[in-house]
Amino acid sequence: MDSQEDRVCVAVGNDPQDGFATLAWALGKWSSHSISIVILHVPNNYSPKDYVYTPFGKLPARYISDEKLQIMRKMKEVEDDKLLSRYKGFCGKVKTEILKIEKHDQPLHKVLLDLILELRITKLVMGISIMKSSSGKCRSAISGSFYVHQYKPEFCELFIVCGGKLVFLRGATNEGFTEGDQGVMATKLKEKGSFNGWLGKLLPESATNERNLGSSRVASMNNDSTDQWEYQEKELESYFYELLSSNCGEKCPEMECDTLWNGQAEPDMPSGSDKIELLKIGIRKAQDVIQLKKRESKENAARRARAEWASCLCKHRAEELEASIGEEIAARADLKKELDTVKEEVSEVRSEVEDKKRKLKPMLELQHELSNKLQLSSLAKSHAEGQLEKAVTERANILRDIEELRRQRDVLRRRIEFCREKDAIGMATRLSDLGFNYKEFAAEEIRAATDNFSDRLRLKSACGWTNVYKGRINHTAVAIKLHKSVKGSSQEAFQAKVKVLSQMRHPHLVAMMGFCSELQCVVFEYMQNGCLRDALFLVGRSSKRRNRGLNWHTRVHIAAEVCSGLSFLHSARPKPVSHGNLNPSKILLDCNLVAKIHCFRPGWCHNQFNMQSDIQAFGTLVLQLLAARNWEELPKETIPMDRAAVQEVLDDSAGEWPLDVAVELAGIAMRCLSANKGPGTDVSMTTVMKEIDKVMKKANDLVARGGREEATNRCVDTEDLCDVPGVFLCPIFQDVMKNPHIAADGFSYELEAIQEWLRTGGDTSPMTNLKLKHKQLTPNHTLRSLIQDWSNKRSIILA
């Protein structure tokens with residue numbers, strides 16, 4: 001039961017009127033509390049061997065046959081269940097349980113005390129009328145209630161209700177009284193006297209008179225009427241209760257008479273006037289006894305008349321029952337005939353069943369045969385499943401072997417990459433050495449590398465054709481830039497420019513690899529992803545290299561890398577160097593989207609004004625990275641000043657920008673644009689570099705915590721080799737092959753690469769360095785088909 005609800009136990013009997021009144025009082029008492037009701041049903045405690053309930057009351061069981069006795073007992077149980085259902089329904093939505101008290105041999109008041117201790121009942125509401133069925137000797141309803149009240153545990157609260165009103169017990173006088181709604185005493189109850197007399201005092205006088213009139217009318221009514229018999233039944237039941245109550249509750253006249261005479265101790269024999277007084281007292285007591293006897297004689301006469309009335313009525317009802325029994329005997333004979341008929345039908349049905357069994361026997365044999373075949377099929381299935389499980393296990397082992405081979409392949413690839421990176425680091429170290437002697441290429445080498453400056457190798461940007469050509473020298477991709485022939489320029493000026501460029505070494509400056517004095521051209525490292533301008537403003541156009549935009553994380557890194565390169569130029573010694581024309585077209589991106597500055601002017605007049613111009617140009621570049629629009633397309637009124645304005649101009653193709661990072665970048669850009677334009681606006685690239693580093697660190701932390709895959713992917717070039725199968729790459733060009741051919745060493749090469757290798761006198765394998773047996777080349781059509789399929793699928797994915 002719920003611990004939040006108070007459990008209230010209500011003891012009720014078979015009297016519906018008293019039971020409903022008791023339940024109504026309990027529900028009204030705790031109407032404002034959350035309670036649950038436990039209905040304790042107290043049955044009439046008559047021994048089933050002595051009495052039985054009949055439609056007109058309780059009669060000795062010896063007058064009823066055993067069969068009828070069983071039927072009547074079942075009827076009584078059904079009536080009790082219906083009454084309990086009515087009690088439960090009367091409680092409405094209040095949670096209700098029913099507990100039936102079994103037939104008991106000891107007095108009811110002791111049974112209730114045992115239940116209080118066993119169930120730990122804290123609140124007990126009891127109708128006083130249930131005590132009238134108690135079998136305790138010489139205990140009336142009031143005395144039984146007093147007993148429970150006196151010996152109950154302290155944790156139990158007892159509420160005795162009579163007629164829907166609370167009864168208050170007084171232990172000193174062994175009496176009780178009920179109070180009305182206003183707290184005024186309504187009825188006074190005493191232990192002495194019969195239960196019927198107490199009931200007459202409890203009810204109003206008018207009700208008592210009506211009851212007496214009703215009793216007199218019942219004797220003269222027609223016994224064949226059902227309504228009359230129901231009324232008589234109630235009167236008889238009430239009469240039997242009075243008899244039982246009077247037998248247990250009233251003292252015998254002799255005891256009362258002895259009490260009157262022996263109320264005081266007999267004194268010593270007096271003399272004279274004292275003797276006269278004693279005689280007078282004896283006379284008064286004798287008169288009281290006479291009056292008492294007269295009242296008892298009147299009561300006995302009334303009881304005798306009522307007993308005769310009850311006897312007559314019971315006799316008449318017994319005759320009716322005998323007639324009913326006779327009718328039932330006749331009906332039983334009819335039922336026996338019907339039973340015989342049913343037995344014959346059952347016999348016929350049995351015969352039909354036997355016939356069906358005979359016909360079913362061949363079908364059962366067929367079922368048995370099919371069952372055997374099914375068992376064989378199950379065995380075959382189990383064997384097949386075992387074979388399948390074995391095949392699955394073998395397949396799993398093969399897959400594990402494949403995974404192991406793949407792991408080993410990945411390890412080998414990582415080793416190859418490590419070696420390549422090691423070689424690249426060594427090359428960068430050599431290039432960074434100020435004492436490095438740059439190679440001066442011959443004009444024939446430059447012309448051979450550019451196919452005599454073929455237009456197909458000429459690099460083109462969004463601004464048009466450039467004077468830069470793509471070439472290959474010693475199997476390395478390079479960019480060859482022709483020195484513009486300006487009137488008055490000389491070989492000395494070119495040599496001075498080369499000397500200055502050779503001294504500029506930084507990870508974010510395009511490195512010079514050599515030069516050609518005859519053709520006045522400079523050989524730079526090749527930047528695979530072109531200029532930043534094309535990557536920002538040509539997204540989604542036909543160029544195959546720029547079909548995806550730069551994500552926000554890559555743009556933050558580009559800003560930091562450009563800032564690093566520009567800060568290096570401004571801090572150069574003996575005197576700083578300014579770029580003079582910093583814009584997205586002067587920023588190149590390698591295969592990993594690392595930004596490098598080029599086209600700075602070594603012989604430019606470097607002053608404070610030029611430095612400020614570079615800082616302002618860098619601020620413009622940062623805004624273009626944020627908005628992916630040209631500076632001319634950003635009017636001053638739309639320049640980001642707050643979070644809302646920044647969010648409005650951000651480039652959607654860069655992904656979901658972290659607003660804090662974007663706002664900080666915009667703030668840095670605004671400070672660069674307003675550099676040295678007033679008091680407190682002094683800005684240097686060293687200061688900007690520190691701020692950019694903080695923003696980049698925050699961006700890296702966001703990517704590390706959020707797992708943004710797009711931020712970690714620094715590759716936008718569709719020709720990036722990070723996810724290209726190694727077998728598709730030419731060992732010489734390190735690029736995806738278009739026309740693979742097999743050489744004498746068994747490796748596949750790009751036709752153009754291996755032909756150049758052989759034409760330049762190479763007679764050893766580029767892979768094994770062993771001498772080639774012959775110089776014949778065989779087309780590898782299978783590998784070419786695989787490369788074409790891979791390229792088509794990749795184009796679909798990137799589209």
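**Exercise 1. Work out which residues bring H14 and H16 together, and how the two helices are arranged.**

Solution. Start with the contact itself. On the H14 side, Ile615, Gln616, Phe618, Gly619, Thr620, Val622, Leu623 and Leu626 touch Ala662, Leu665, Ala666, Ala669, Cys672 and Leu673 of H16. Bear in mind that you're looking at a predicted model.

Next, sort those residues by character: 11 are nonpolar, 3 are polar and none is charged.

Now the geometry. H14 covers residues 608-627 and H16 covers residues 659-673; the helices pack at an angle of about 150°, and their axes lie 7 Å apart. Angles over 145 degrees count as roughly antiparallel, so H14 is roughly antiparallel to H16. As for handedness, H14 passes H16 in a left-handed crossing.

**Exercise 2. Find how H14 packs with H13, and what kinds of residues meet there.**

Solution. Take the angle to begin with: H13 (residues 552-570) and H14 pack at about 175°, with their axes 10 Å apart. H13 is therefore roughly antiparallel to H14.

Then list who's touching whom. H13 supplies Arg555, Ile558, Ala559, Val562, Cys563, Leu566 and His570, while H14 supplies Met611, Asp614, Ile615, Phe618, Leu621, Leu625 and Leu626. Sorting this contact gives 11 nonpolar, 1 polar and 2 charged residues.

**Exercise 3. Decide whether Ser564 is buried or exposed, and name its contacts from further along the sequence.**

Solution. First place the residue: Ser564 sits in helix H13. Its relative accessible area is 18%. The cut-off for buried is under 20%, so Ser564 counts as buried. Finally, skip the neighbours within four places in sequence, and Ser564 is in contact with His506, His508 and Met689.

**Exercise 4. Check the length of H3 against what you'd expect, then see which of its residues are buried.**

Solution. H3 runs over residues 108-119, which makes 12 residues. The expected span is 1.5 Å times one less than the number of residues, so H3 should span 16 Å, and its end C-alpha atoms are indeed 16 Å apart.

For burial, pick out Leu108, His109, Val111, Leu112, Leu113, Leu115 and Ile116. An α-helix has 3.6 residues a turn, so residues three or four places apart point the same way. Just after H3 comes Arg120, with a positive phi near 55°.

**Exercise 5. Zoom out and describe the whole chain.**

Solution. Count the elements: 20 helices and 21 strands. Then burial: 37% of the 799 residues count as buried. Last, the contacts: among those with a separation of 6 or more, 64% join residues 24 or more positions apart.

Key:
Residues are numbered from 1 along each chain as its sequence is written. This is a predicted model: local features need pLDDT of at least 70, side-chain atom pairs count only at pLDDT 80 or more; totals for chains, interfaces and linings use all residues. Side-chain values use heavy atoms; hydrogens and water are left out. Axes are lines fitted to C-alpha atoms, for helices over the stretch in contact, and angles run from 0 to 180 degrees between N-to-C directions. Helices (H or I, at least four residues) and strands (E, at least two) are DSSP runs, numbered from the N terminus. Angles under 35 degrees count as roughly parallel, over 145 as roughly antiparallel, 65 to 115 as roughly perpendicular and the rest as oblique. A crossing is left-handed if the near helix is turned anticlockwise from the far one by less than a right angle, and right-handed if clockwise. Contact means heavy atoms within 4.5 Å. Ala, Val, Leu, Ile, Met, Phe, Trp, Tyr, Cys and Pro count as nonpolar, Asp, Glu, Lys and Arg as charged, and the others, Gly among them, as polar. Buried means under 20% relative accessible area, exposed over 50%, partly exposed in between (1.4 Å probe, protein chains only).
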